[in-house]
Amino acid sequence: RKTAMSRIKTYIGDSTLNEPIFQAYPSASHDQTISNDTLTVVEFDAETFDPDSKFASNAFTPTVAGKYVFHINVAFACTDGEALSLYLTKNGTTVNRIEATSSSPSGTQSNAWSMFGAMDLDTDDAVGVKMYLTNDDITVYDFESTHTRTNFCGYRIGT
C-alpha cells in the first residue's frame with residue numbers, strides 16, 4: 001500500500017520529541033572552587049551536545065515551553081568534613097535540593113552526588129545548578145580523559 005511521506009513520522013516516531021536537549025560539563029582545565037558559606041553557581045564551560053544552542057552562561061533556557069527532566073552529577077574533592085547542599089534552580093529559585101555530609105578522615109577524598117528533577121518550563125525560564133557548603137572550601141572537578149564526572153543534562157518530555 002502507498003502512504004504519504006508525512007505519515008511516516010507517525011509510524012516510526014518523532015525524532016525531535018525530546019528537543020531541546022543538552023549536556024554540559026566543566027572541561028579538564030576548569031576546576032572550580034566552591035567557597036564556604038556562599039551559594040555558588042556551578043560552572044559548565046563545555047558541551048557534549050546542544051543541537052539547538054539552548055545552554056549558555058551556565059543555564060538552560062528552552063525557548064520551547066513544556067515539561068522537562070534534568071540530571072546533575074557533581075564530583076568534588078574535600079579535605080575534611082563538609083555539609084553540602086546541591087540545588088537545581090529555575091530563574092534562581094530552588095526547585096530541587098539534596099543535602100548531606102561528606103567526610104574525609106585523612107587527606108583529600110573524592111566524592112560524587114547525583115540528582116534528578118522535573119519541572120514545567122516557559123519559553124524564557126533559566127535552569128541552573130548551585131552548591132552551598134558549611135565547613136570549608138571544596139573543588140568541583142572533571143578531569144577524566146574518557147568521561148565526564150561532573151555534568152548537567154536535560155530534555156523535554158512533553159507539553
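Leu-88 has Val-129 of strand S11 as its bridge partner. Strands S8 and S11 run antiparallel and are joined by seven bridges; strands count as paired if DSSP finds at least two bridges between them. Strands are DSSP runs (E, at least two residues), numbered from the N terminus. The model is predicted: local features need pLDDT of at least 70 and side-chain atom pairs count only at pLDDT 80 or more, whereas totals for chains, interfaces and linings use all residues. Residues are numbered from 1 along each chain as its sequence is written, and side-chain values use heavy atoms, with hydrogens and water left out.

**Strand S8 and the nonpolar core**

- Seven of the nine residues of S8 are buried (under 20% relative accessible area, 1.4 Å probe, protein chains only; exposed is over 50%, partly exposed in between), so this strand is largely enclosed by the rest of the structure.
- The largest nonpolar core (buried Ala, Val, Leu, Ile, Met, Phe, Trp, Tyr and Cys residues joined through side-chain atoms within 4.5 Å) has 27 residues. Phe-70, Met-131 and Phe-152 have the most contacts inside this core.
- Among the elements giving two or more residues to this core are S7, strand S8 (82-90) and strand S11 (127-133). S7 gives the most, with six residues.

**Phe-70 and the aromatic pairs**

- Outside its neighbours within four places in sequence, Phe-70 is in contact (heavy atoms within 4.5 Å) with residues including Phe-22, Phe-60, Leu-88 and Phe-152.
- Eleven aromatic pairs are counted, with Phe, Tyr and Trp (six-membered) rings pairing if their centres lie within 6.5 Å; planes under 30 degrees apart count as stacked, over 60 as edge-to-face and the rest as tilted.
- The pair of Phe-60 and Phe-70 is edge-to-face because the ring centres are 5.8 Å apart and the planes are at 65°. Phe-60 lies in strand S6 (residues 59-60) and Phe-70 in strand S7 (residues 66-78), ten residues apart.
- Both Phe-60 and Phe-70 are buried.
- A cluster linked by ring pairs holds Phe-22, Phe-44, Phe-55, Phe-60, Tyr-68, Phe-70 and Phe-152.

**Salt bridges**

- Three salt bridges are counted (a side-chain nitrogen of Lys or Arg within 4 Å of a carboxyl oxygen of Asp or Glu).
- Asp-120 forms a salt bridge with Lys-67, with the closest N and O atoms 3.0 Å apart. This pair links strand S10 to strand S7 across 53 residues.
- Lys-90 forms a salt bridge with Asp-125, with the closest N and O atoms 3.9 Å apart. Lys-90 is in strand S8, and Asp-125 is in the loop between S10 and S11.
- Asp-125 is buried at 5% relative accessibility, whereas Lys-90 is partly exposed at 26%.

Key
Helix = DSSP H or I, 4+ residues; strand = E, 2+ residues; numbered from the N terminus.
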